[in-house]
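Reader: I should like a close look at a single part of this model, followed by whatever context helps to place that part. Please keep the account formal and connected.

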Amino acid sequence: MIIAHDLGTTGDKASLHHDDGRLVTSVTVPYPAHFAAGGVAEQNPQDWWDATVTATRELLARTGTAPAEIAGLVVSGQMMGAVLLDSAGEPVRPAIIWADTRSGAQQRELEAALGAEHAYRLLGHRLNPTYSVSKIMWVRDNEPDVWARVRRTCVAKDFIVLRLTGRLATDRSDASGTNAYDQQRGTWSDEVLTAAKLDPALFPEILDSTAVVGALTADAAEQLGLHTGVRVVMGGGDGPMAAVGSGIVTPEDGAYVCLGTSSWISFVTEAPLLDPAMRTFTFDNVVPGLFVPTATMQAGGASVQWIAEALSPDPAHPETGRLTAEAADGIDTEDLYFLPYLLGERAPIWDPHARGAFVGIGRHHTRAHLVRAVLEGTAFNLLTCIQAFRASGAVIDRIDAVGGGAQSDAYLSVLADVWGIPVRRRTIVEEANSLGAAVTAAVGLGLADFSAARALSEVTAEFVPDAARHAAYTRRHARFTAAYEALEPWFAAAPHVQTADMLAESGAH
C-alpha cells in the first residue's frame, strides 16, 4: 500500500491507497499559519512534520494496516515558498509561504537586471514576490543574522522528504515554481541566480517526480510507526499533483479547477504556454516531459473561508455549507461586487498591493448577498484567466472541479453560469492532490502508469450554465473588471504599501 501526504496551507491531508492508487481512507491534521500586515505569511516547518507523523499513525490505526503492508510514501505540497536550512538541515526561521508578498523590492531588482518579458520566457512565469527566489533574497537583505546561518533552501514538500530520507532534493514541478528554474534547459538558471546574487549551492538537486529518493531513515520510521524498507518517492507541487488527481494526465483530458485556499485553473500541454500579456504561467508537470499551464488566484477558497468566518457566530467553526446554501439560486446581488484580493493577487492582475473590497453595497443587502458576491467575485476573476488561456490558443469547453469548494452545489452552479461552460464534480475532490501523489508514487515504484489516474476519480455531477444568467454575468464581468481598474491607483497609494516598500528598500527589519 501507499501513503500520500498533501501539505496544504491549513493542514496535512494524508491518505492511504492500494498500490494501484485506489483510495482507502484519508485524514486531515490541521496546523496554523501566521498572516500579518505588510504581506507576512509564514508557517513553522516543524508543524508540517508533526502533522505528517500524526496523520501517518492515524491512517494505520484507523484502518488496522500493518506497517509491513506499506511499500511507499510520497509527498505533495504547497508551492513557491522558502524553507531556509542550516548546515544540519534544520530551519533557521519560520518558512515563508506562497502567500507572502514582502519581497517586492527584491522582485524589482531582478526585473531590472533581467527584463520582465525575458524572464517570463526563461522561467515560464512572471517575476513576482510570491515566488521563492525573491523571498530568499528578502531574508538575506533584511535578516543578516539569520542569513549567516543559511546553507540550503527548499520548499515544503522537500523539507518533509529530507526528514524522511536524510536527502535534500526537489522535483521539476516545484523547481519550476521558484522563479529560479530555466524551463527550457530543465536546470537552475545561472542567469537568475547571478542577478539575485545567490550561490547555486543553496538549491537542491532536481529529480523527476517519480524518482525514488531513498528509504526511510531509522529515526523517521520510528516516529511514523513504519519500517525502514518503505521507499520514498520524490513527489511534487500541489498544483501539478491536482491535475493527476483529477484524471488530467494528457492534453486530451481537458481542464480542471482546484477550489482550495488558493484557486487555479489548469490543463496539460506538450510545451509551455506563454501568454503575450503574461497573465498566466506554466509549471513543469509531474508527468515527465509534459507541462501544466496554470492561472492561480491567491485567495479563492480563502475568500469563501474568510466571509464564512466573519459571518458565523463562532469563527473557529465557520458555517460555510449553510451560508453558501443560503446564497444559492434565487439570490440576486443587485450590482454588488466583491474583489477577491485578500492576499494581493497573482493571475490575472499580478498586483501584490490589491486588497479585497465590496463595491456597490447598499442598506438592503443581507449576508446572503455578501456570500454570493464572494462566490461571484472568485468566479469573475477565474473567468478572466479562462479568457487569457483562450487568447493564447487553448480550447476550454468544460472544467472538472476538485478541492474543498467543489463540494458545494451553489458554488459550482455559480461557476458554470459565470463561465458559460459545464462544470463537473468528480468522485474525489478534497483528496485530489494526495490521489495524484499516490499515482505518482505507484508509477515511481513500477506498480502503475499515469493513465490509471483516469479511472480513480469519476464524474458524479454536472452543472450546466443557464443561458440567461450567463448573458447577465458576461455584462457584469466587465463591471467587475472596471471596479478593480478604478481602485488600482488607490491600492497602490495605500499606507501599508508605502510602509512595506520603504522598509524593504531601506533594509530595515
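**Strand S17 and its surroundings**

Author: In this predicted model, strand S17 (residues 263–267) is largely enclosed by the rest of the structure, because 5 of its 5 residues are buried. The side chains are divided between two directions: Ser 263, Ile 265 and Phe 267 point one way from S17, while Trp 264 and Ser 266 point the other way. Residues of both sets are buried.

S17 has pairing partners in strands S16 and S19. Strand S16 (residues 255–259) runs antiparallel to S17, and 5 bridges join the two. The connection between S16 and S17 is a hairpin of 3 residues. Within this pairing, Tyr 256 stands opposite Ser 266 of S17. Strand S19 (residues 291–297) is also antiparallel to S17, joined to it by 4 bridges. Here Ile 265 of S17 stands opposite Ala 295 of S19. Ile 265 is thus one of the buried residues of S17 and has a facing residue in S19.

Burial may also be followed in a helix. Helix H10 (residues 238–245) is mostly covered, with 8 of its 8 residues buried. They are Asp 238, Gly 239, Pro 240, Met 241, Ala 242, Ala 243, Val 244 and Gly 245. Just after H10, Gly 247 adopts a positive phi of about 80°.

A further buried residue is Leu 370, which lies in helix H13 (residues 367–391). Leu 370 counts as buried because its relative accessible area is 15%, and the cut-off for that class is under 20%. Leaving aside residues up to four places away in sequence, Leu 370 touches Ile 307, Leu 336, Phe 358 and Ile 361. Its C-alpha atom is separated by 45 Å from that of Asp 449, a residue 79 positions away along the chain.

Finally, a helix pair may be considered. Two packed helices are described by the angle between their axes and by the distance between those axes. The axes of helix H2 (residues 104–114) and helix H4 (residues 132–142) come within 8 Å and cross at roughly 115°. H2 and H4 are therefore roughly perpendicular to each other, and H2 passes H4 in a right-handed crossing. From H2, the residues Gln 106, Gln 107, Glu 109 and Leu 110 meet Val 133, Ser 134, Met 137, Trp 138, Arg 140, Asp 141 and Asn 142 of H4. By class, this contact has 4 nonpolar, 4 polar and 3 charged residues.

Key: Residues numbered from 1 in each chain as written. Predicted model: local features only at pLDDT ≥ 70, side-chain atom pairs only at ≥ 80, totals over all residues. Heavy atoms only, no water. Buried < 20%, exposed > 50% of the residue type's maximum accessible area, 1.4 Å probe, protein only. Axes fitted to C-alpha atoms, helices over the stretch in contact; angles between N-to-C directions. Parallel < 35°, antiparallel > 145°, perpendicular 65-115°, else oblique. Left-handed = near helix turned anticlockwise from the far one by under 90°. Contact = heavy atoms within 4.5 Å. Nonpolar A, V, L, I, M, F, W, Y, C, P; charged D, E, K, R; others polar. Pairing = 2+ DSSP bridges.
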